[in-house]
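I open this notebook to record what I looked up in one structure, entry by entry. I give each term its cut-off where I first need it.

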Amino acid sequence: MTEAAEPVTNEQAYATAALALAAAPPAKRSDRRRLWTLILVMGFIAACGVAVLAFFGFSGGWTALVIGVGAAVIPVPVLVFCFLWLDRYEPEPVKYLVFVFGWGACVATGVALVVNTTSSYLADRAGLSDALVAVLVAPFIEESMKALGPILLFWRRPRAYSGIIDGIVYCGLSATGFAMVENILYLGFKGYADTAEKNGPVSGAAVLVGIFIVRILMTGFAHPLFTSMTGIGLGIASRTSNRTVRFLAPVAGLLLAMMLHGAWNLMSVTATASAWVLLYGYFAVMMPIFLCMVGFALWLRAHEGRMTERVLGEYARAGWFSPPEVAALGTLGRRLAARRWARRVAGDAGDKAMKAFQFDATRLALLRDGLRRGLDKEPRRRQEALVEELRLLQALQAYRQVFVGRDPQAPRAVWDGSQYHITFPDGVVRVLDAPPTPVVPVPVVLAPPQPPPMPVYYR
């Protein structure tokens, strides 16, 4: 421990936390061209959705449509919440989530409905079994169309993908939208309406409950599970600089999704001869795959937190973060503790600022990890990445001013990139080395930081 004068900081003083939050960098605004593009895309998706619902209503009856919609939407909030919960470290923009969900619910189902109906008609004309359509045609067209929306997003907005978690979330939401509309058909029309027409409403309701148990409660994970394989491929492609892997990974994921979908439909078809085949396939094949996928996704989410803590260590040594701030980003539990502390010392403004601080810090870590992996080798993309890095660092500095220095129970501390300068109650500034295990959270002011570390590209 040594005595020294407190280093000069670049800290901007604000009278209240609310004023500090108001001075934070505003969010980017979309230009008119992007706005019109968004309107056209969402208009096309909405038109497809209206066309699908109109087809259902005019062909099968509006009563069956209402019953099917009411039953099919029940599991949707649960599935959407699961994907949003999985993506808590770096939540994706709502507009992208709405796009992929709408694509799966409207466009993918519309195309699949046309193709599957046409294929069934042609198979019947040729004297072939309709089971061939379920096993060969349906998996191909349905998985292709469910994946097409996330693939288009990856093509037009590659920075929307920061890893495998994002791929799983985008493809899973697309599949959730698809499954919702497909369940309208099975629950409202093939379940209730067909049975009620022959045996009355009570029998129709009984069949509706049975199909709900099988399709929603027991196998509601099927479509998201299949399409998540494509999401894994897209996630791998988003984190590699190898062009071959970038192309083959999504293709391999899509093929695996088709194979799983086809195998599931094959078991459903053969179950007409023996229900034991379906039970064996469900408990011995699909459930283990589903549980392994859940475990893999949870491991990926934890890995994202560890990666953030590891990568941001470079910035801490350069003076852009203090060690406690980096440690507080490593797990969801620590992040929650940091938000509670920020709310205690700075109110609602502190909670909002800490939440934004954590999200931008995770984005910064993913951006730096991408630079290290060589994802932005092209001069234009590298320049865009460096500009984005500087913008994130500036935003983080602004958010920090909302909650730093407002805890009356903590002494003033300044981090210079290697040591703490702590003002003790006697008014003396003493220099201390960082402890092996940082205290989380500690309100530490930063001395003027060094330039961001230059990216190192790996071949």
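**Entry 1: confidence.** I began with pLDDT, which is the predictor's confidence in each residue, from 0 to 100. I also noted that helices (H or I, at least four residues) and strands (E, at least two) are DSSP runs, numbered from the N terminus. The model is predicted, and local features need pLDDT of at least 70, side-chain atom pairs count only at pLDDT 80 or more, while totals for chains, interfaces and linings use all residues. Residues are numbered from 1 along each chain as its sequence is written, and side-chain values use heavy atoms, with hydrogens and water left out. I found a mean pLDDT of 85 for the chain, with 90% of its residues at 70 or more. Among the elements, helix H9 (residues 222-238) has the highest mean, 95, and strand E1 (residues 2-3) the lowest, 61. I remind myself that where pLDDT is low, the predicted coordinates should not be read in detail.

**Entry 2: the whole chain.** I counted 15 helices and five strands in the secondary structure. For burial I used relative accessible area: buried means under 20%, exposed over 50%, and partly exposed in between, with a 1.4 Å probe and protein chains only. By that rule, 48% of the 459 residues count as buried. The chain exposes about 23000 Å², of which carbon and sulfur atoms supply 67%, the areas coming from the Shrake-Rupley method with a 1.4 Å probe. A contact means heavy atoms within 4.5 Å, and of the contacts with a separation of 6 or more, 78% join residues 24 or more positions apart.

**Entry 3: the cores.** I next looked up nonpolar cores, each a set of buried Ala, Val, Leu, Ile, Met, Phe, Trp, Tyr and Cys residues joined through side-chain atoms within 4.5 Å. The largest has 65 residues, and Phe56, Leu153, Ile168, Tyr170 and Leu187 are those with the most contacts inside it. Helix H7 (residues 164-199) gives this core its largest share, 16 residues. Leaving out residues up to four places away in sequence, I listed Gly61, Leu65, Leu113, Val181, Ile184, Leu185 and Phe189 as touching Phe56. There is also a second, separate core of 40 residues, which includes Trp341, Ala342, Ala361 and Ala398.

**Entry 4: three buried residues.** Which residues does Thr176 touch, not counting those up to four places away in sequence? Thr176 is in helix H7 and counts as buried at 1% relative accessibility; its list holds Val76, Leu79, Phe83, Phe101 and Pro224. Ser228 lies in helix H9 and is buried too, with a relative accessible area of 3%. With the same neighbours in sequence left out, Ser228 touches Ile168, Gly172 and Met293. Met145 is in helix H6 and is buried at 12% relative accessibility. Beyond four places in sequence, Met145 touches Trp103, Val107, Ala108 and Val111. The C-alpha atoms of Met145 and Ala108 are separated by 4.8 Å, although these residues are 37 apart along the chain.

**Entry 5: two helices by length.** The expected span of a helix is 1.5 Å times one less than its number of residues. Helix H10 (residues 243-270) has 28 residues and reaches 41 Å from its first C-alpha to its last, close to the 40 Å expected. Its buried residues, among them Ala249, Gly253, Leu260 and Trp264, pack against helix H6 (131-156), H9 and helix H11 (275-311). For the 25 residues of helix H15 (residues 379-403) the expected span is 36 Å, and its end C-alpha atoms are 37 Å apart, which agrees. After H15 comes Gly405, whose phi is positive, near 80 degrees.

**Entry 6: cysteines.** How many disulfides does a search of the whole structure find? I took a disulfide as a pair of cysteine sulfur atoms within 2.5 Å, and the search finds zero. The closest cysteine sulfur to that of Cys106 is in Cys48, 7.0 Å away, so it is too far for a bond. Cys106 is buried, with a relative accessible area of 15%, whereas Cys292 is exposed at 58%.

**Entry 7: a loop residue.** Is Pro425 buried or exposed? Pro425 lies in the loop between strand E3 (419-423) and strand E4 (429-433), and it is exposed, with a relative accessible area of 84%. The C-alpha atoms of Pro425 and Arg412, 13 residues apart along the chain, are separated by 9.6 Å.
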